[in-house]
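Me: Could you walk me through a structure that is new to me? I would like short questions with short answers.

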Amino acid sequence: MSPRILFLKGRFVELDLEFIRAQFPAFAQPNLSNQAFFENAGGSYTCGAVINRLMRFYTERKVQPYAPYDASQKAGAEMDEARARMAAILGVDTDELSFGPSTTQNVYVLAQAFGQMLSAGDAIIVTNQDHEANTGPWRRLSERGIIIREWQIDPETGALSLDGLRALIDDKVRLVCFPHCSNFVAQINPVAQITKIARAAGAYTCVDGVSYAPHGFPDVAALGADIYLFSAYKTYGPHQGLMVIRRALGEALPNQGHYFNADTLYKRFTPAGPDHAQVAACAGMADYVDSVYAHHVGGAAPAGQKAQVVHDLMRGHETKLLEPLLAWVQSRNSLRLIGPASAEGRAPTVAISMGQNAEQAAAKLAARGIMAGGGDFYAVRALKAMGIDPEQGVLRLSFTHYTSPQEIDQLIRALDEIL
């Protein structure tokens, strides 16, 4: 039995791609037909359940929520539903989940809170594997006397080693910031092991899940992360940043919201009012998980269990599609594959150093029906560490579970042509 085929309720289950693609209106749009989408790491297509909820809110509930009249009560109830259902999927308490305008903004707010809580001489560990959003705001705290230690990647592989972390961590370290997987290297980091090391040293952890969550929502409690962040617009939803802050840390950090909201955990780190419609629409992501589970498995189950099954279905399909693409890249001596050579150990985000301007290469692919991107992808530190000129950049080919084998074939044919 292939490890990518799930055995559930007495039968083997694989992802039903026809059903999956039917949940995304983009695949029915004439202007997108024959266009293969390979820039999912920058933002995914939006599922129909999210679009429907967003339209309903704007047309029926676009009022100030939580007032005593009917439309307002329904607006507030839909916002509460989104928080409750997404928190259940992530394995955390409802009030441990906050919504903000973006992950970048959420990290910035968190950095201000830590800057107030920490003292000169305290240390924070960051990596040079990260997207700049989960490294830049923390590095700026050096202006307050906080020590910044950089956990560096291997310049050949782009990997972070646990030994590298152990060499940096001591009783001065109060926070360890790292990605679940990099938007450039794509290696899936051993989050549970890292959080265990940090916890043993008395440090908190902040995990950037932006590049991992599109491939299956994680069980944050099982990972042991104190903070876990990701972006809904990359997980088939609206443009919101979702941020889990576990209770002990959330209550210890200084309040960043209005003073009269200090006793409400999910309001402590959202200084501006949330986008009501987009928060409410995030419940559509939970609808999507439920629909995928119902179609493939059926029956009742806790939200976290459904999410894990859907996660495994997604990852199984993505891993199968990754193999021919990785094999093709490695067959070309002129190309440098960034990150793991094995499909099992990485997200389906394939960055390639081509020896030519990557943005120009992406333009050539666009003429062949391939939507992809070239550049530095806000991972400038990682590119430099691996000896890649950020001005030249990398070609990034990123997909997710709704990608088809035919689109992978189309991509490889186009790559053959432009090279």
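Here are a few questions about strands and helices, each with a reply.

Me: Before we start, what kind of model is this?
Reply: Residues are numbered from 1 along each chain as its sequence is written, and side-chain values use heavy atoms, leaving out hydrogens and water. Local features need pLDDT of at least 70, side-chain atom pairs count only at pLDDT 80 or more, and totals for chains, interfaces and linings use all residues, as this is a predicted model.

Me: Why is strand β8 largely enclosed by the rest of the structure?
Reply: Strands here are DSSP E runs of at least two residues, and helices are H or I runs of at least four, numbered from the N terminus. Buried means under 20% relative accessible area (1.4 Å probe, protein chains only). β8 covers residues 204-208, and it is largely enclosed because the buried ones number four of the five.

Me: Which residue in β8 stands opposite Pro179?
Reply: Two strands pair if DSSP finds at least two bridges between them. β7 (residues 173-179) runs parallel to β8, with five bridges. Opposite Pro179 stands Asp208.

Me: Which residue in β9 stands opposite Cys206?
Reply: β9 (residues 227-231) is parallel to β8 and joined to it by three bridges. The partner of Cys206 there is Ile227.

Me: In what order do the four strands of the open sheet lie?
Reply: Their pairing is antiparallel. The edge strands, each pairing on one side only, are β11 (336-337) and β14 (373-375). The order is β11-β12-β15-β14.

Terms used: Buried means under 20% relative accessible area, exposed over 50%, partly exposed in between (1.4 Å probe, protein chains only).
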